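Dear colleague,

I am handing over the structure we spoke of, and my notes on it follow below. Please read them with the coordinates open.

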Amino acid sequence: MFIKEYIKDVWGAISSLLKGMKLTGYYFMHHNKEAITEQYPDNRKTLKMADRFRGEVVMPHDENNEHACTGCTACELACPNGTIKIITKMEPTPEGKKKKAIDTFVYRLELCTMCNLCVEACPTGAIKMDQTFEHSVFDRRLLTKKLNKPDSKVREGVE
Amino acid sequence: MFSLSHITDLVNAWLYQQFPPTLALLLQFVIVGILVITLFSILGLVLIMMERRVAAWMQLRLGPNRVGPRGMFQTVADTVKLIMKEGMTPNGADKLMFNLAPYIVMMVSMVIMAPLMFADGFQIWDINIGVFFITAISSVSVIGILMAGWASNNKYSLLGAMRSGAQIVSYELSAGLSIITIVILTGSLQVSEIIAAQQTGWWIFKGHIPVLISFVIFIIAVTAETNRAPFDLAEAESELTAGFHTEYSGMKFALFFLAEYVNIFVVCAIGATLFLGGWMPFHIGSWESFNHIMDYIPSSVWFFGKTFFLIFVIMWFRWTFPRLRIDQLLNLEWKYLLPISMFNLILVTLMAIMGWHF
């Protein structure tokens with residue numbers, strides 16, 4: 001039956017278009033409640049970031065100025081575009097042996113694509129992604145950051 | 001009852017009293033021209049603001065909210081920016097045609113204003129073939145678009161113009177056929193008579209199902225004729241950058257932009273006139289008291305209210321539906337809209353002969 005198919009076609013088209021219009025019509029009528037725009041510079045204090053937003057790599061330190069980085073360079077190897085450079089040093093332990101430790105964790109923000117591979121590669125959970133995003137500076141040298149704080153050392157028991 | 005026709009009659013009488021007839025007529029031309037240009041600029045500002053607001057709200061955004069109270073002066077700021085921009089003409093372009101095209105498109109949408117009835121007794125030219133005049137003139141705008149596309153010497157522009165040509169030529173048919181249904185019911189092409197015939201009720205109620213079908217077809221067809229989404233193949237930002245006005249900048253681009261919005265206003269005004277009774281208030285058959293209350297709302301409010309409602313519907317389409325491909329576009333017209341409107345035409349004719357409408 002050609003004519004039956006034809007009418008079914010037209011009816012299907014009209015009903016699906018009306019369904020779409022109903023949704024946008026609902027949004028139009030309830031725009032105050034549903035609008036998801038963040039008025040960013042005005043609401044800096046109450047700004048809520050999405051959970052999956054990644055702003056920069058940070059290395060958390062605890063209250064004793066200790067971090068969890070052993071200087072294994074797994075993150076440096078995982079990084080696809082050379083954002084991370086780890087400079088290690090040999091540090092004497094109380095037993096008189098020498099142990100490899102981190103001297104400087106160099107993080108070049110201007111190269112970073114926030115791919116999260118370094119965080120996934122880290123065996124000790126020493127680095128994580130932060131949600132800060134106001135990174136603009138007037139001198140690009142300021143974008144090369146040292147993540148470990150001065151005089152910080154690796155936490156006891158982290159291997 | 002207050003009516004704008006008193007004012008127009010007064011001005012007319014005064015002009016003919018003060019000046020010789022020829023001069024008075026010329027002065028009237030000037031006054032009408034100034035009024036139309038004023039309406040144009042106001043419509044441009046209001047409709048673009050409305051479009052951006054509707055788009056934002058439907059997409060869960062806020063829309064312009066920085067310039068002036070609640071962003072109301074955003075379009076004024078945009079206009080100032082466009083006026084200050086340089087109007088470039090590309091080296092390889094056909095200079096005369098390139099510069100002429102936006103004016104042709106503008107002029108067409110200005111001329112269509114002539115038979116429109118904005119309020120009771122407020123009309124530029126009550127020509128006895130009003131509806132025919134509108135359909136005839138509105139197809140000239142495709143010449144301006146083709147001119148722009150051809151003269152730009154740009155592939156995108158040419159493709160956009162050709163698509164637009166195919167589209168307008170096809171959709172004019174079903175738009176015309178759905179206009180004819182109302183002409184059949186009224187028995188006149190004159191705009192004022194079509195409105196007068198809706199004294200007892202708008203055609204969309206009096207003509208029930210067949211007129212409803214032709215109303216839907218009319219709205220679809222004029223959306224295509226004004227090159228708006230979901231039929232905006234002529235511009236198709238994602239494929240052709242901006243279609244036929246890719247090469248235009250500054251005020252010449254603004255003229256195209258303005259002409260698009262004024263065209264929307266004009267086609268919606270025609271739709272409101274034919275199906276929703278123009279300036280005629282909402283009347284129900286013989287409910288005298290109800291009709292009398294409705295008469296107290298000024299006729300211009302009725303006209304602009306209906307027109308803006310239809311404009312809102314067309315904007316609603318734009319921000320809901322995805323764009324059609326060119327083959328889908330022509331399929332829709334030739335396989336669906338045209339056969340349905342032809343069948344509908346027969347139905348309406350039968351209804352008019354048998355007197356099945358109210």
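In chain A of this predicted model, the loop between strand E6 (144-146) and strand E7 (153-154) holds Asp151(A), a residue other than glycine whose phi is nevertheless positive, near 65 degrees. Most residues other than glycine have a negative phi. Asp151(A) counts as exposed because it has 6 C-beta neighbours inside 10 Å, where the limit for that class is 12 or fewer.

Chain B offers a second case of positive phi in a residue other than glycine, namely Asn227(B), with a value near 60 degrees. Asn227(B) is also placed in a loop, here the one between helix H10 (208-225) and helix H11 (237-240) of chain B. Its surroundings are another matter: since 25 other C-beta atoms lie within 10 Å, Asn227(B) is buried, the threshold being 20 or more.

As to the domains, the assignment for chain A gives domain 1, covering 2-34, and domain 2, covering 56-154. The centres of these two domains of chain A, taken over C-alpha atoms, are separated by 54 Å.

Finally, where the two chains meet, 13 residues of chain A are in contact with 11 residues of chain B. On the side of chain B that touches chain A, helix H2 (residues 21-58) of chain B supplies the largest share, with 3 residues, and by class that side consists of 9 nonpolar residues, 1 polar residue and 1 charged residue.

With best wishes

Key:
Residues are numbered from 1 along each chain as its sequence is written. Chains are lettered from A and ligands numbered from 1 in the order in which they are written. This is a predicted model: local features need pLDDT of at least 70, side-chain atom pairs count only at pLDDT 80 or more; totals for chains, interfaces and linings use all residues. Helices (H or I, at least four residues) and strands (E, at least two) are DSSP runs, numbered from the N terminus. Domain bounds come from an automatic or database domain assignment. Two residues are in contact if their C-beta atoms, placed from the backbone, lie within 7 Å. Ala, Val, Leu, Ile, Met, Phe, Trp, Tyr, Cys and Pro count as nonpolar, Asp, Glu, Lys and Arg as charged, and the others, Gly among them, as polar.
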